[in-house]
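Student: I would like to go through this structure one part at a time. Could we do it as questions and answers?

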Amino acid sequence: MSTVHPPQTAVEALLADGTTVEIRPLGPQDHRAVLDLHTDGMSEESRRMRFFGASRNAPTQAADRLCGPERPGLLALGAWAGGELIGEADCELLDDPPATAELALAVADRWHHRGVATLLLEHLLHAARAADIRFFEADTLFGNRAVHQVFAGLGLPVQHHVEQGEVRVRVPLDESDERYRTAVDERGRRADVASLAALLRPASVAVIGVSRREGTVGRTVLGKIRQGGFTGAVWAVNPHGGEIDGEPAYPSVGALPAVPDLAVLAVPSAAVGEVAEECGRAGVRALAVLTSGLGREDARRLMRACRRYSMRVVGPNSLGLAQTDPAVRLDAEFGGAFARPGTAGVAVQSGGVGIALLERLAWLGVGVSSFVSLGDKYDVSGNDLLQWWEADGRTDLALLHLESFGSPRAFARTARRVTRTIPVLTVDAGRSTAGRRGAASHTAAAATPTVAREALFRQAGITAARSIDELVEAAALLHAQPLPAPRGAVAVVSNAGGIGVLAADACAEAGLMVPELPEHLAELLPAGASVRNPVDTTAAVHPIELAHFLRALEREPDIDAILVCLAPTALRTGRDQDPLHALLEGPARRRVPVAAVLLDQQVPVRYLGCADGGVLPVYSDTAAAARALGHARDRARWLAEPFSEPAAAPDCDRRTARALVERFLTAHPEGGWLDPVSTTELLESYGLPLTTTVWARDEHTAVAAAAGLRRLGYEGKVALKAYWPGQVHKSVAGAVRTGLATDADVRTAYREFTRRFGPELAGAVVQPMATPGVELLAGVVQDRVFGPLVVLGLGGTATEVLADRVARLAPLSERDLTTMVAELRSAPLLFGQYGGPAVDLAAVRSVLARLSRLAEDFPELVEADLNPVILRADGAACVDARVRLEPRPSFDPYLRRLRRPSAAEGT
Ligand code: ADP
Ligand code: MG
């Protein structure tokens, strides 16, 4: 029986009701706890279900098995709450059938129906997969409904075999199964929302660290909570007790009349850890830490207390939070104005950005459902808020400002789901990061942090604005107007020709179409008007004429949006003469979205109320209005893209690949580039189309190999490439000779290599010449935070100069494969629109899907660069590949666990 390695560290995760539990491998030190779990923790009946009888020795035997001398085939995990073992899941490899482990579960009676078993199973399954276990099997009693429900709810195709009152259950372990992931997501969402309730809908709040001095943080927040009309109880804590604002202040959390759901901490940084601990002991369920400047030890104590006592925490360095639901009305932040009630969810990392955003929304008259200043994001992150808003029944617009991502892949998965129902907008911060020029591969050069972030937003359907203003401008349109059709054809209407032309240009820049309009529409406008898009109504247009015209435009099937730009003119004065009147007297909501531009408007964007009670977004700048329409069109396109299955990569030989990776990393513990032959072997194990590559360590072998390969080559020719460890771009160094037709050619080429590279030359590889086609670059790099980023681009030696590339985060979906190819500027070349034949698109898709899978399966594969992949009408061939491996632990971003902030890490 082979040895399996348990996961090394403890993690924390949420139960269905939002309670935090710790999950870690069981060891000899847990013998007592396991025994207690199976005796005091379980009733006679539970033990009968677990052990199929009431043997008195069963609990001791279980404890001996799980915590006795090490058993090589055993994986055992325990779930702990407040220091008590509340559940256990283990599996032990069987001799037969292969790759199968016998599963056992036990949960303390008191903790039943809270998702303990399911959570443990998810983690055990993950550990088992890492040990190449592919099935769990378990014998259960027919009447054990609880355990059958756990299996049925997992999301995996469980098989049952019934025999004499017993059910043998067999579970195939496939974490990448989309149904399984969806089921895990759903459990994660419910647990997350439950855990956030104390934070975002508390029934009582304590502000800890309220100074008697006015203008201090604690004092200000307390004042705002009271003035804001919080519907629950609110208490002040000040170590000196006494009275503040005519209300009693309590010396500590423990001295309060009742335990608050939420504690807002405005204490000095050195006190944060201790106060958090006190709150936890008292039974507080959530913390908002406004204090900044925590040292490492304070940070650690804070997080230890939060996890141990099951408290979610916002901050530190947070401005606070606000919940405008009339049933709660909590304004616990020191931002400035009160957050007005409404439907926009707002979460920001930087407090300053939060204030700016809230101010702009207030101008616009858009209210907030909940506002959270995330600060240093030790725990609660944008991901949590997205799930909260998805479920709160009040939020229809999500605005996020994130400077960093804790787990971008988990965030992307959540966002992809949430953006289906509500628009999610963000400011793309930190675009200016310089690219990684001079990187050792083309793929690495292409994969900048900006590229990774853009890929995330693109794949998750997030609207990414370049500034706070652009964010608010886009939000104004998305919030008040219908979405355009995905095509994005805009009619631009103005009463001053020049402005219309500018607006049409701005539309084109925002990727919108400005199609020609039918001539007959001109009849509705004054003489001299032009209906070639942009429409020039002339300054003489009467509001009634304009209103008719807009109604006619709205009915045009070829128009998806209307942009009306009005310049003030001296021709028409008085309200009913003003062309703006035409807009305001009409409906705000038409078949297509309408945005207006008033050139004399002072603020960047505001709403004007219309006759139907709706509002029209009015901009001061044509470009801003066009950009907003562009974002709306992008969202419409995203919604039109159906949910897509993960990209298929059948027949990947994980075992062979793993053996190769392990062999290499054992020989090179620091990691490094694979030699050409191992590269080919690794990539071929995942079905990547590598051209036959034969290693030759001297001239004689090269000539012999070439003789064998020549008949495989295009026009009977071969390529010869010099190799030495550490080489970078070969052709630049003169290390590539192509089109060699005879033995003599090969011999001459090899001799030239020997002359040129001297003793450095380790040998050469020989390949048949590939049939010519379009040369592409395909590759993948592992970002430490974002995970694998798959890159596709125009390849060959000019790839860097042309920089025609697209990137997506793995795992790719079938849809990603399609859009990646289509978004290349040189896509028409591939589709055969420039005289050449269309290339084999299925082959490109397969290359991308396999690279994605390989990088997902092997975090050690930090860089793979296939350049070129030569695409023809009938297939693909990669003639040059480079792969770099590094020792890296695997990390599954989808495993349910709470984050570990780096600021609070270490011992
Ligand atoms: P490098 O990228 O390190 O300079 P390559 O092996 O990619 O070296 O070779 C450079 C170019 O030579 C490729 O882009 C391709 O155009 C051509 N080439 C190399 N090997 C072959 C081959 N086996 N068949 C056809 N063309 C080849
Ligand atoms: Mg190359």
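The turns below cover a predicted model, taking sheets, a metal site and empty spaces in turn.

Student: In what order do the eight strands of the open sheet run?

Tutor: The sheet is open and its pairing is mixed. From one strand to the next the twist averages 25°. The order of the eight strands is β1-β2-β3-β4-β5-β6-β8-β7.

Student: Which strands stand at the edges of that sheet?

Tutor: An edge strand here has a single partner strand, so one side of it is left without a neighbour in the sheet. That applies to two strands, residues 11–14 and residues 159–163. They are β1 and β7.

Student: Do β6 and β8 run parallel or antiparallel, and which residue stands opposite Phe135?

Tutor: Strand β6 covers residues 135–141 and strand β8 covers residues 166–172. Seven bridges join the two, and their direction is antiparallel. Opposite Phe135, in β8, stands Pro172.

Student: Is Gly78 buried or exposed?

Tutor: Gly78 belongs to strand β3, residues 74–81. Its C-alpha is 8.7 Å from that of Val34, although the two are 44 residues apart in sequence. Buried means under 20% relative accessible area. Gly78 has 0% relative accessibility, so it counts as buried.

Student: How many residues of strand β23 are buried?

Tutor: Strand β23 spans residues 490–494 and is mostly covered. Val490, Val492 and Ser494 point one way, while Ala491 and Val493 point the other way, and all are buried. The number of buried residues is five of five.

Student: Which strands does β23 pair with, as given by the bridges to residues 561–566 and 535–536?

Tutor: Five bridges join β23 in parallel to the strand of residues 561–566, where Leu563 stands opposite Val492. Two bridges, also in the parallel sense, join β23 to the strand of residues 535–536, where Val535 stands opposite Val493. These two strands are β25 and β24.

Student: Which residues are the protein donors of the magnesium ion, ligand 2?

Tutor: The donors lie 2.1 to 2.2 Å from the ion. They come from distant parts of the chain, 13 residues apart: one is in strand β37 (residues 861–872), the other in the loop between β38 (875–878) and β39 (881–885). The donors are the O atom of Asn867 and the OD atom of Asp880.

Student: Are Asn867 and Asp880 buried or exposed?

Tutor: The limit for buried is under 20% relative accessible area. Asn867 has 6%, so it falls under that limit. Asp880, at 19%, also falls under it, so it too counts as buried.

Student: Which element gives the most to the lining of the second largest pocket?

Tutor: This pocket has a volume of about 1300 Å³ and is lined by 41 residues, with Glu454, Arg458, Ala464, Arg466 and Asp634 nearest its centre. Among the elements that supply at least two lining residues are α14 (449–460), α16 (497–509) and α19 (622–640). By class the lining has 17 nonpolar, seven polar and 17 charged residues. The element that gives the most, with 10 residues, is α19.

Student: How many residues does α25 give to the lining of the largest cavity?

Tutor: The search of the whole structure finds four cavities of 30 Å³ or more, and the largest holds about 170 Å³ of space. Its lining has 13 residues, of which Arg416, Gln459, Trp638, Ser813 and Asp816 lie nearest the centre. Helices α14 and α25 (814–823) each supply at least two of the lining residues. The element that gives the most is α25, and its number is three.

Student: Which helix gives the most to the lining of the second largest cavity?

Tutor: The second largest cavity has a volume of about 100 Å³. Its lining residues include Glu122, Tyr180, Arg181, Asp892 and Leu895, and by class the lining has four nonpolar, no polar and five charged residues. Four lining residues come from the helix of residues 178–200, which is α6.

Methods. Residues numbered from 1 in each chain as written. Chains lettered and ligands numbered in written order. Predicted model: local features only at pLDDT ≥ 70, side-chain atom pairs only at ≥ 80, totals over all residues. Heavy atoms only, no water. 1 Å grid on protein atoms, 1.4 Å probe; cavity = no way out; pocket = protein on both sides within 12 Å on 5 of 7 lines; lining within 4 Å. Points joined across faces, edges and corners; volume = space filled by probe spheres on them. Nonpolar A, V, L, I, M, F, W, Y, C, P; charged D, E, K, R; others polar. Pairing = 2+ DSSP bridges. Axes fitted to C-alpha atoms, helices over the stretch in contact; angles between N-to-C directions. Donors = N, O, S within 2.8 Å, 3.2 Å for Na, K, Ca; no water. Buried < 20%, exposed > 50% of the residue type's maximum accessible area, 1.4 Å probe, protein only.
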